[in-house]
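Trainee: Got a minute to go through a model with me? I'd like to start with the strands and then see where we end up.

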Amino acid sequence: MNIFKFAKEESSTFLSIKSKLLYILLLLPLCYTVLFGLVYSKNVMSELPTVIYDQDNSLASRTLINMFDDSDKYQVVAQVQSTEELESLLKNETAMVGVVIPPNFAKDIKLSLGTDVLITVNASNIMYNNVMMSSCQEIIQTFVAGTGEKILEAGNKLPTQALATVMPINIKVRIINNPVTGYNEFMLGGLGINGLQIAILLVVITALNKEYNKKIIIGVKKSLAMVCGKLIPYWVVANFSFLLVVLAVHNIFAVPWRGNFLETLILGSAFSFLLIAICFVFSALFSDPVQAIQMPLLYLMPGLLYSGLSWPDFAMSSLGQAISAVMPLKYVCVSLRDLLLLGYSPTLNSDVLTMLSMGSFLLIIAGVIFYLRNKAVTKEVSL
Amino acid sequence: MSWWQKFLAEAKNMLIKDPRRIIFLVGASIAYLVLFSILYSPGIVKNIPLVIYDEDNSMASRVLIQCIADSERFKITNQVNDQEVMNDLVKTKEAAVGIQIPRDFAKNIKLGLSADVLIFADGSNLVTVNAATTNLQNIIGTIGKGAGMKILQASSGPSNALDKVNPVNVKFRVLNNPTESYLNFFVIGLALAALQQGIFLSIGGSFLSKLTNCDEEEYSWAKLSAKIMPYFLGAICAYIITLMMASIAFGVPFKASIVDLMIIGTCFSFSVIGFAWLLAIITKNELIFSRCSIFYTVPAFVFSGYTWPQQAMEPISHGLSMVFPLTHLASCVRDLMLMGSSPVVYVNSIILLMLGTIFFIIARWGYKNKVKIQS
């Protein structure tokens with residue numbers, strides 16, 4: 001009974017227009033999602049600025065250059081006449097990729113002498129390197145296959161035979177779940193959830209410590225009932241906010257949502273529950289709301305990057321995995337992306353169970369800490 | 001109170017009375033540096049779980065599998081006998097990639113008929129899929145060249161066989177981060193984002209706790225500079241310590257000219273202090289200030305162009321990113337550290353100085369009004 005009384009009390013302050021906390025919890029995650037969706041609106045990296053140093057100026061070299069220029073991944077921004085010029089353009093970042101075609105390029109191909117094409121990339125930002133490495137292979141393979149085939153045809157081989165000799169192994173790549181390798185599909189859901197995490201942190205962190213000012217001693221049971229009661233309004237609104245994020249990701253930024261609505265909601269709900277419980281612990285620990293809000297602040301970026309959203313779990317060191325295990329986003333980001341892109345998440349059940357059990361445990365801890373601190377603070381004042 | 005007395009009083013506040021400020025100012029970036037160095041310590045994505053479906057079970061297919069197994073990038077978790085099982089393992093994410101080697105793989109190669117190898121990858125994580133497909137294409141391509149060469153040698157003798165099969169040899173030269181290490185790529189920017197956060201919190205604490213008892217002199221430029229100077233010096237110290245630690249403790253290359261690094265770091269500190277002060281003026285109390293600075297942390301990093309480059313942003317995001325001081329620092333410092341130079345170091349320093357000046361002018365005006373209203 002007490003629980004609902006506390007829930008009602010908390011709702012009246014939390015939902016009041018004056019407090020503005022409701023707007024923060026509802027709109028901040030949405031705002032994050034839209035902002036980051038705009039950043040990644042091009043979705044894939046394309047038009048890498050490319051500089052060409054063609055020392056051959058032959059039909060073959062121009063064909064290769066055209067293949068780069070025709071690809072949407074590259075944009076030829078300059079053709080230079082010396083290695084120094086090329087290096088200088090790469091150094092001042094006018095171009096991020098440089099293609100050097102040697103002299104006698106066409107002649108050496110015709111004479112079957114073999115020739116080297118040098119591709120230089122400025123990899124200080126790995127994104128450029130990743131895009132170049134994956135897209136360049138296709139261009140080069142096509143070019144090599146074409147030229148090799150012609151050489152062998154000239155040596156009295158049939159065209160199909162020649163092609164099979166040049167490319168005895170044909171690589172077929174099939175990418176499922178995110179075939180366009182889009183960045184929105186990859187990151188946006190997780191970033192939106194990070195927005196929800198921040199909103200919950202901002203709103204919930206003052207929920208318990210404001211009670212210390214009342215200077216009323218309450219028992220353990222009542223403290224636990226209060227913690228549970230206070231949880232309800234925040235949890236309900238956080239669930240709405242979570243759905244808003246998912247809807248925005250799906251409807252505004254066209255990220256597929258193949259998963260079941262209920263499973264998605266359960267995942268978001270378990271996450272909100274856990275996070276509110278964590279915030280309650282901090283709120284109970286620090287009587288000063290400023291301290292309470294500042295302590296978990298430094299966790300924000302590590303929380304996101306340790307979640308496995310970008311750097312995968314299996315690539316982390318054991319210490320990294322141990323740290324990652326205590327980050328709430330670990331249990332939601334990848335699962336949500338799976339629900340959106342795959343339609344199911346293989347780790348959904350374990351993630352939800354982990355979050356609910358961690359949340360329940362922390363909720364009890366928050367209640368106990370609140371009871372002890374409240375007793376100490378009130379006694380201190382009465383003395 | 002003279003300038004020095006004011007400076008010492010504020011330094012005492014920062015170091016002794018409210019040590020939280022110095023802890024945030026210096027500790028935040030160091031904590032991030034250590035945390036993210038642990039995360040990215042493997043440097044590259046290794047041990048990508050891979051499943052093999054070898055329908056051929058021939059010498060050639062086993063050579064291919066051995067090459068994959070020898071690569072540090074992959075860890076063969078399963079060898080299956082059914083395509084459905086392979087697909088399921090990838091779909092259930094027990095493996096990130098599946099390789100299907102078709103029946104008659106070796107025979108087709110010998111007969112001069114092309115053999116198809118299928119790479120079946122889960123694309124939900126781009127970091128994994130990029131590393132997997134690029135490396136597999138390299139491995140399979142190398143084996144393909146060898147096989148083609150043997151075919152040709154068998155039919156037309158050993159001369160120039162490789163050059164005929166592979167007439168154009170592509171050599172890659174990866175500048176500035178040749179090992180493609182995520183540690184070198186990522187941690188500096190993240191530590192600098194934390195430094196920004198540390199400056200924010202310490203400045204917020206300073207201005208919002210002192211605002212109520214200001215006198216007329218408090219907002220003269222001289223007095224303000226005395227108040228800000230301890231944080232400014234603290235920020236520069238934190239910046240130097242962070243970069244030194246990144247290089248000495250975590251092996252991030254340090255090719256930069258110290259002068260360039262100091263110029264841009266100093267301008268950044270100036271600019272962020274101005275921004276934090278402005279935010280402190282706009283917000284009512286330290287709690288709201290902390291809320292605003294939390295809201296700002298992640299967008300500032302994402303918009304900075306540190307990972308997703310600004311050239312790839314649409315104009316609104318690009319325009320918005322220009323207001324954030326971190327945009328003008330993070331990528332530039334990474335270039336300085338990894339390349340030894342940055343084409344925009346001076347331009348960005350000037351932009352940061354200008355931004356800082358604008359922030360300070362507006363903040364002082366707001367501060368003056370706020371103090372007047374309160375008194």
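**Strands first**

Mentor: Take E1(B): on one side B:Ile48, B:Leu50, B:Ile52 and B:Asp54 are buried, and on the other B:Pro49, B:Val51 and B:Tyr53 are buried too, so that both faces are covered. Bear in mind that this is a predicted model.

Trainee: How many residues of strand E1 of chain B are buried?

Mentor: 7 of its 7 residues, which run from 48 to 54.

Trainee: Why do the side chains split into two sets like that?

Mentor: Side chains in a regular strand alternate between the two faces of the sheet.

Trainee: And what does E1(B) pair with?

Mentor: One partner is strand E2 of chain B, residues 74-80, in the parallel sense and over 6 bridges. Within that pairing, B:Leu50 has B:Ile76 as its bridge partner. E1(B) is also joined by 5 bridges to strand E3 of chain B, residues 97-101, and these two run parallel as well. There, B:Ile52 is opposite B:Ile99.

Trainee: Which helix goes with E1(B) and E2(B) in the β-α-β unit?

Mentor: Helix H3 of chain B, residues 59-70, and the unit is right-handed.

Trainee: OK, switch to chain A. Is its strand E1 covered or open?

Mentor: Mostly covered, with 7 of 7 residues buried in the stretch 48-54. A:Leu48, A:Thr50, A:Ile52 and A:Asp54 point one way, A:Pro49, A:Val51 and A:Tyr53 point the other way, and all of them are buried.

Trainee: What about the pairing of E1(A) with E2?

Mentor: E1(A) pairs with strand E2 of chain A, residues 74-79, in the parallel sense over 5 bridges. A:Ile52 sits opposite A:Gln79 there. The chain gets from E1(A) to E2(A) through helix H3 of chain A, residues 59-70, in a right-handed β-α-β crossover.

Trainee: How many bridges join E1(A) to E3 of chain A?

Mentor: 5, and the strands run parallel, with E3 covering residues 97-101. A:Tyr53 is opposite A:Val100 in that strand.

Trainee: Stepping back, what is the overall make-up of chain A?

Mentor: Chain A has 15 helices and 5 strands. Its radius of gyration is 29 Å, whereas the globule rule gives 21 Å for 383 residues, so chain A is more spread out than a compact globule. The C-alpha trace spans about 100 × 40 × 40 Å along the principal axes.

Trainee: How much of chain A is buried, then?

Mentor: 59% of its 383 residues. Of the contacts in chain A with a separation of 6 or more, 78% are between residues 24 or more positions apart.

Trainee: Same rundown for chain B, please.

Mentor: Chain B has 14 helices and 5 strands. The radius of gyration of chain B is 29 Å, well over the 21 Å from the globule rule for 375 residues, so this chain too is more spread out than a compact globule. Its C-alpha atoms fill a box of roughly 95 × 45 × 40 Å along the principal axes. Of the 375 residues, 61% count as buried.

Trainee: How many disulfides are there over all chains?

Mentor: 0, from a search of the whole structure. A:Cys31, for one, has its nearest cysteine sulfur 12 Å away, on B:Cys292. A:Cys31 is partly exposed, at 33% relative accessibility.

Trainee: And what is the nearest cysteine sulfur to B:Cys237?

Mentor: That of B:Cys267, 17 Å away, and B:Cys237 is in no disulfide. B:Cys237 is partly exposed, with a relative accessible area of 43%.

Trainee: Where is B:Trp3?

Mentor: In helix H1 of chain B, residues 3-17. B:Trp3 counts as partly exposed, at 31% relative accessibility. Its C-alpha is 6.4 Å from that of B:Lys223, although the two are 220 residues apart along the chain. Leaving out neighbours within four places in sequence, B:Trp3 is in contact with B:Ala222, B:Ser225, B:Ala226 and B:Met229.

Trainee: Last one: where is confidence lowest in chain A?

Mentor: In helix H7, residues 159-166, with a mean of 65, while helix H10, residues 261-285, is highest at 95. Chain A averages a pLDDT of 88, and 94% of its residues score at least 70. Where pLDDT is low, the predicted coordinates should not be read in detail.

How values were computed: Residues numbered from 1 in each chain as written. Chains lettered and ligands numbered in written order. Predicted model: local features only at pLDDT ≥ 70, side-chain atom pairs only at ≥ 80, totals over all residues. Heavy atoms only, no water. pLDDT = per-residue confidence, 0-100. Helix = DSSP H or I, 4+ residues; strand = E, 2+ residues; numbered from the N terminus. Disulfide = S-S within 2.5 Å. Buried < 20%, exposed > 50% of the residue type's maximum accessible area, 1.4 Å probe, protein only. Pairing = 2+ DSSP bridges. Right-handed = clockwise from strand over helix to strand, strands pointing away. Rg over C-alpha atoms; globule rule 2.2 N^0.38 Å. Contact = heavy atoms within 4.5 Å.
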